[in-house]
Amino acid sequence: MRIIAALMVMLMTVAACTSTVSNPPIGADGKPLPRLYRIRAADTSKIQFRMLDSVNALRGASGLAQVELDKNLVAAAATHSRDMSIQNRPWHFGSDGSSPIDRVARAGYTGQLVGETISETYETELETLGAWMEQPGQRDVIMDPTARDMGFAWYQESNGKIWWTLVMGRPAVTATDDLFSELQ
């Protein structure tokens, strides 16, 4: 009886160590179907800083200056992400006819808008960044050499669809900056 009990314990231990990897469902294209990427409220800063670090890694690899998160650009991005969901279409105009320039000014950003990238997807922020980097227009916004500020936000619907918005800006030029450049 002791031997059987010992064998059962060993068998259960080995069974617990083995992997029960199941094959994910495959789509018509032969690739695994995406899993639902659910974002919790507690993940907000982690996702924003993961995107910031990734953008800065891409910029750094190209010899460009780092960007910083700007609270006003984050607010403009969040507002637009929610508005795109309400309109149920990814585009750069707000439901009130506002442009990206209007939105960053309304949010209190005193610098100049470099550009805005948007996406409607079920993908993660890093998959979305990868897709943006493959598109010349979006890539140009992210890699603009004059950009110093970034806003990044999203809105996730109950069905899992995510509306991403990334906004890049450059700080306003001050009189001191103008004077310094004239002295050089």
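Visitor: What follows H2, and what is the sign of its phi?

Guide: Gly63 follows H2, and its phi is positive, near 75°. This is a predicted model.

Visitor: How do you know what span to expect for helix H2?

Guide: The expected span is 1.5 Å times one less than the number of residues. H2 covers residues 44–61, which is 18 residues, and the expected value is 26 Å. From its first C-alpha to its last, H2 reaches 26 Å, close to that expectation.

Visitor: Which residues of H2 are buried?

Guide: The cut-off for buried is under 20% relative accessible area. In H2, those that count as buried are Ile47, Gln48, Met51, Leu52, Ser54, Val55, Asn56 and Arg59. As background, an α-helix has 3.6 residues a turn, so residues three or four places apart point the same way.

Visitor: What do the buried residues of H2 pack against?

Guide: They pack against three helices, H3, H5 (125–133) and H6 (136–142), and against strands S1 (68–69), S3 (149–156) and S4 (162–170).

Visitor: Why does Leu73 count as buried or exposed?

Guide: Buried means under 20%. Leu73 has 0% relative accessibility, so it counts as buried. Leu73 sits in helix H3, residues 71–87.

Visitor: What is Leu73 in contact with, leaving aside its neighbours within four places in sequence?

Guide: Contact requires heavy atoms within 4.5 Å. On that basis the partners of Leu73 include Val104, Tyr109, Asp149, Met150, Val167 and Met168. Measured by C-alpha positions is a separate matter: Leu73 and Ala107 are 7.0 Å apart in space, C-alpha to C-alpha, and 34 residues apart in sequence.

Visitor: How many aromatic pairs does a search of the whole structure find?

Guide: The search finds 4 aromatic pairs. In one of them, Trp91 and Phe93, the ring centres are 5.3 Å apart and the planes stand at 65°; planes over 60 degrees apart count as edge-to-face, so the pair is edge-to-face.

Visitor: What makes Trp91 and Phe93 buried, partly exposed or exposed?

Guide: Partly exposed lies between the 20% limit for buried and the 50% limit for exposed. Trp91 has a relative accessible area of 30% and Phe93 has 41%, so both are partly exposed.

Visitor: Why is the pair of Phe152 and Trp164 called stacked?

Guide: Planes under 30 degrees apart count as stacked. For Phe152 and Trp164 the angle between the planes is 10°, with 5.5 Å centre to centre, so the pair meets that limit. Phe152 lies in S3 and Trp164 in S4, so the pair ties together parts 12 residues apart in sequence. Both residues are buried, and ring pairs link them with Trp154 into a cluster.

Visitor: What makes S4 mostly covered?

Guide: Of the 9 residues of S4, 8 are buried.

Visitor: How do you know that S3 and S4 pair, and in which sense do they run?

Guide: Two strands pair if at least two bridges are found between them. S3 and S4 are joined by 8 bridges and run antiparallel. Met150 stands opposite Met168 in S4. In the hairpin of S3 and S4, 5 residues lie between the strands, and Gly160 has a positive phi near 100°.

Visitor: Which strand pairs with S4 over 9 bridges?

Guide: Strand S2, residues 112–121, pairs with S4 in the antiparallel sense. Ile118 stands opposite Thr165 in S4.

How values were computed:
Residues numbered from 1 in each chain as written. Predicted model: local features only at pLDDT ≥ 70, side-chain atom pairs only at ≥ 80, totals over all residues. Heavy atoms only, no water. Helix = DSSP H or I, 4+ residues; strand = E, 2+ residues; numbered from the N terminus. Buried < 20%, exposed > 50% of the residue type's maximum accessible area, 1.4 Å probe, protein only. Phe/Tyr/Trp six-rings, centres within 6.5 Å; stacked < 30°, edge-to-face > 60°.
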